[in-house]
Amino acid sequence: MERTPEMQAKPRLAHAFIVRVMHWIGAFAIFCMILSGWQIYNAAPILPFLFPQWMTLGGWLAGGIAWHLSAMWLLVADGVAYLIYGIVSGHFRRDFLPIGRRAVGHDLAQALRLRLEHRLGHYNAVQRLLYVGVIVVIILTVLTGASIWKPVQLYWLTDLFGGYDFARRVHFVLMSLIVSFLLVHLSLVALFPRTLVSMLFGLSRDSNAGVSQ
Amino acid sequence: MNNKQRPAVRHDEIKADLRKVDRRLFLRSGLSLGALSLLTGCDLSTNDSVDNALRAMLRFDDRVQAALFNPNRLAKTYPASAITRPFRFNAFYPEWQVRTVEASQWRLEVASLVDHKRAWSLVDLRALPQEEQITRHVCVEGWSQIGQWSGVPLHIFLRRVGADLKAKYVAFRCFDGYWSSIDMPSALHPQTILTLDFEQKPLEPPWGAPLRLRIPTKLGFKNPKYIASMAVTNDYPGGYWEDKGYDWFSGL
């Protein structure tokens with residue numbers, strides 16, 4: 001379909017409706033996965049600490065497993081849909097790439113001095129790196145999870161992650177990376193509340209954009 | 001007053017008790033603050049729907065696991081040097097409560113869909129072909145340990161007793177009050193063995209003497225110890241932990 005002048009004039013949303021839906025489904029699924037995962041961790045901790053019971057989901061081990069084995073399907077379905085959309089629609093290529101080393105260095109220095117601009121619909125280099133990074137980490141978390149769920153049927157995956165016991169630890173480290181990302185992500189949402197409004201209801205992109213396009 | 005119409009017990013009076021009785025799954029009572037914060041607008045009394053959804057998902061997981069099960073895929077085996085020592089005792093009670101039986105008095109009862117319903121002594125079982133394995137025992141809690149077991153492959157035993165191999169389940173009852181069940185394809189897996197020996201010596205009480213199931217394609221709680229009887233059946237037999245909310249298939 002040809003684009004009419006009216007359509008071009010209409011401001012583009014920072015986040016397409018479908019992206020917002022997938023974001024919140026994914027957020028819910030990840031939240032359930034982390035809290036039920038902590039419940040499962042508590043049954044056989046690999047480090048000398050337990051997660052406080054109130055921070056966990058499921059009440060006891062069987063409940064935690066039930067939540068974990070339920071939310072994982074939601075996460076996988078949402079994640080696969082998002083990956084397909086991101087590739088097919090050009091969302092990844094347009095919004096996440098390129099991630100230049102120099103741009104990351106520059107933007108990180110600016111961000112640490114709290115001077116980095118946060119424009120709706122435009123990701124700076126640090127954001128690009130973090131978003132692509134967390135997507136990769138989530139994929140690896142799902143794969144390590146599958147490898148410790150099915151160490152016999154998916155033995156090649158378990159071997160890939162260093163065997164059952166090692167894969168459990170990798171799964172834990174990857175969870176820690178996701179939690180670290182969430183701490184940064186939620187702090188920045190708190191600093192720039194407009195991003196929350198935008199992800200919920202859809203705000204148009206900030207102007208003076210298109211520099212990178 | 002219309003006393004006649006008033007039931008002897010009002011539902012809301014015993015509601016709390018009914019719930020306690022009904023809570024075999026404990027998933028709902030397991031809702032913590034984290035979950036409550038998700039379920040805005042839901043109070044505890046409406047969370048039966050969450051409970052039911054989780055049960056439905058576990059049944060779905062069981063179907064996925066059954067489809068994923070490859071009857072020819074063998075669990076990894078290890079060298080003797082990899083055996084975990086000391087081996088960890090694990091049951092639903094502490095080790096001092098382990099029950100023992102006189103080996104010469106013990107019999108394995110075989111019931112339901114089998115041609116030859118007879119009791120098997122340990123001598124009878126030792127006369128059958130034996131198989132040894134060093135495999136990883138993975139607990140549902142996440143920890144694991146490598147052990148050495150040997151005994152009669154279950155598929156040989158099932159054929160010997162003329163079991164209906166098209167039946168859905170093989171169920172085990174144990175003299176310590178435990179019970180569990182497995183699907184027929186897993187029962188026929190070559191590494192599923194009626195175990196008589198642990199580390200090349202007859203099973204000792206902590207490890208399930210005189211007979212236990214060793215099935216390295218399933219989680220530890222699907223490896224019942226202290227077996228007293230087994231049955232081949234099409235009626236879902238459940239299990240001690242399975243009935244409490246763990247997913248039944250629990251394959252690895």
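# A guided tour of chains A and B

Begin by selecting chain B of this predicted model; its secondary structure comprises 6 helices and 10 strands. Colour the chain by burial: of its 252 residues, 37% are buried. A contact map of chain B adds a further view, since among its contacts with a separation of 6 or more, 70% join residues that lie 24 or more positions apart.

**Chain A**

Select chain A next. It contains 9 helices and 0 strands, and its pattern along the sequence is accordingly written α-α-α-α-α-α-α-α-α. Aligned on the principal axes, the C-alpha atoms of chain A occupy a box of roughly 60 × 45 × 35 Å. Here 27% of the 213 residues are buried. For chain A, residues 24 or more positions apart supply 62% of the contacts with a separation of 6 or more.

**The two domains of chain A**

Colour chain A by its domain assignment, with residues 14–45 + 52–95 as domain 1 and residues 101–205 as domain 2. The C-alpha centres of these two domains of chain A are 12 Å apart. Now display the boundary between them, where 13 residues of domain 1 are in contact with 15 residues of domain 2. On the domain 1 side, the elements that contribute two or more residues are helix 2 (17–43) and helix 3 (61–88) of chain A. Helix 2 of chain A gives the most to that side, with 6 residues. Sorted by class, the domain 1 side holds 7 nonpolar, 4 polar and 2 charged residues.

**A stop at A:Leu74**

Within helix 3 of chain A, centre the view on A:Leu74. Is A:Leu74 buried or exposed? It falls between the two and counts as partly exposed, because 17 C-beta neighbours lie inside 10 Å, whereas a buried residue requires 20 or more. Beyond its neighbours within four places in sequence, A:Leu74 is in contact with A:Ile25 and A:Ala29. Add A:Met33 to the selection: this residue is 41 residues from A:Leu74 along the chain, and their C-alpha atoms are separated by 9.9 Å.

**The nonpolar cores**

A:Met33 also leads to the largest nonpolar core, a set of 38 residues. Those with the most contacts inside this core are A:Cys32, A:Met33, A:Ile65, A:Ala66 and A:Ala71. To trace the core, show helix 2, helix 3, helix 6 (125–149) and helix 8 (164–191) of chain A together with helix 3 of chain B, the elements that give two or more residues to it. Then pick A:Cys32; apart from its neighbours within four places in sequence, A:Cys32 is in contact with A:Leu57, A:Trp67 and A:Ala71. A second, separate core has 33 residues, among them B:Val110, B:Leu154, B:Phe198 and B:Leu211.

**Where the chains meet**

Finally, display both chains and select the residues in contact across them. Chain B contributes 32 residues and chain A contributes 28 residues. Which elements of chain B give two or more residues to the side that touches chain A? They are helix 2 (33–38), helix 3 (48–68) and strand 3 (131–138) of chain B. Helix 3 of chain B provides the largest share of that side, 5 residues. Colouring the chain B side by class shows 16 nonpolar, 9 polar and 7 charged residues. Keep helix 3 of chain B selected to end the tour, as this helix is also among the elements that give two or more residues to the largest nonpolar core.

Conventions:
Residues numbered from 1 in each chain as written. Chains lettered and ligands numbered in written order. Predicted model: local features only at pLDDT ≥ 70, side-chain atom pairs only at ≥ 80, totals over all residues. Domains from an automatic or database assignment. Contact = placed C-beta atoms within 7 Å. Helix = DSSP H or I, 4+ residues; strand = E, 2+ residues; numbered from the N terminus. Nonpolar A, V, L, I, M, F, W, Y, C, P; charged D, E, K, R; others polar. Buried ≥ 20, exposed ≤ 12 C-beta atoms within 10 Å, placed from the backbone. Core = buried A, V, L, I, M, F, W, Y, C linked by C-beta atoms within 7 Å.
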